[in-house]
Amino acid sequence: MKAALFDLDGVVFDTEPQYTIFWGAQCREFHPEHPGLEHEIKGQTLVQIYDAWFSGPLTEKQPLITERLNQYEQQMDYQFVAGFEDYIHQLRGKGVKTAVVTSSNQPKMEAVYQSHPEFRSLFDAILTSEDFERSKPDPDCYLKAAQRLGVKVEDCVVFEDSFNGLKSGRAAGMYVVGLSTTNPAEAIRPYCDEVIANYMKDEN
């Protein structure tokens with residue numbers, strides 16, 4: 001491994017339960033006929049959620065939901081997944097390049113930087129939704145990350161939690177480690193080379 005590429009939510013930060021709360025409220029308001037929808041859309045990008053569930057008559061509600069989401073993300077608790085900080089420092093100490101590859105946008109990242117002023121120093125590159133032409137599961141984002149770091153795809157390891165993210169890493173031809181923070185280990189196992197619960201050695 002010459003480069004470690006990390007998704008953000010559910011991989012670096014244990015934020016998925018907070019997003020479930022947010023989307024649960026939106027889904028109950030706009031899709032009361034579909035209880036539990038917030039669990040079905042886990043790991044999807046905002047564009048994918050809008051296209052599937054908030055298009056047509058609900059298109060006009062997208063700006064309102066986006067505004068709510070931006071405000072919510074400013075107040076979120078960005079707690080690292082167990083063991084992540086030690087692991088990232090170990091990687092960097094061994095000369096492994098590191099990058100965040102996330103579908104989150106710049107306003108969200110500003111909230112992250114405010115919560116963790118040290119965040120930028122943990123990575124050689126941070127790629128956000130503004131850097132990609134195509135969203136996960138397309139491999140575009142991970143291919144761009146490898147290019148930015150100057151590393152061959154076969155020397156990259158992807159850390160992901162969502163089905164779309166796992167598919168993206170695999171489509172890029174990279175070794176894929178799945179975190180069972182968002183979906184059960186047995187559900188994501190077919191989409192990755194290895195499954196871990198977190199970065200604590202004694203718990204994997």
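**Notebook: a sheet and a buried glutamate**

I began with the sheet in this predicted model: it is open, has 6 strands in the order E3-E2-E1-E4-E5-E6, and its pairing is parallel. I then looked up the edges and found strand E3 (125-127) and strand E6 (194-196) there; each has a single partner strand, so one side of each is left without a neighbour in the sheet. I also checked the twist: on average, neighbouring strands are turned by 20° against each other, direction ignored.

Next I turned to helix H5 (residues 84-93), which packs on the sheet and touches strand E1 (3-6), E2 and strand E4 (156-160). I noted that the direction of H5 makes about 150° with that of E1.

I looked up helix H7 (residues 140-149) too, and it lies across E1, E2, E3 and E4. Its run is at about 155° to E3.

Back at one edge, how many bridges join E2 to E3? I found 3 between strand E2 (residues 97-101) and E3, and the two run parallel. In this pair I could place Val-100 opposite Ile-126 in E3.

My last stop was Glu-38, which I found in helix H2 (residues 37-40). Is Glu-38 buried or exposed? It is buried, yet I found no salt bridge for it. The nearest side chain of opposite charge is Arg-28, 4.2 Å away, and a salt bridge would need a side-chain nitrogen within 4 Å of a carboxyl oxygen. Setting aside neighbours within four places in sequence, I listed the contacts of Glu-38 as Thr-20, Trp-23, Gly-24, Cys-27 and Arg-28.

Notes. Residues numbered from 1 in each chain as written. Predicted model: local features only at pLDDT ≥ 70, side-chain atom pairs only at ≥ 80, totals over all residues. Heavy atoms only, no water. Pairing = 2+ DSSP bridges. Helix = DSSP H or I, 4+ residues; strand = E, 2+ residues; numbered from the N terminus. Axes fitted to C-alpha atoms, helices over the stretch in contact; angles between N-to-C directions. Contact = heavy atoms within 4.5 Å. Buried < 20%, exposed > 50% of the residue type's maximum accessible area, 1.4 Å probe, protein only. Lys, Arg positive; Asp, Glu negative; His and termini not counted.
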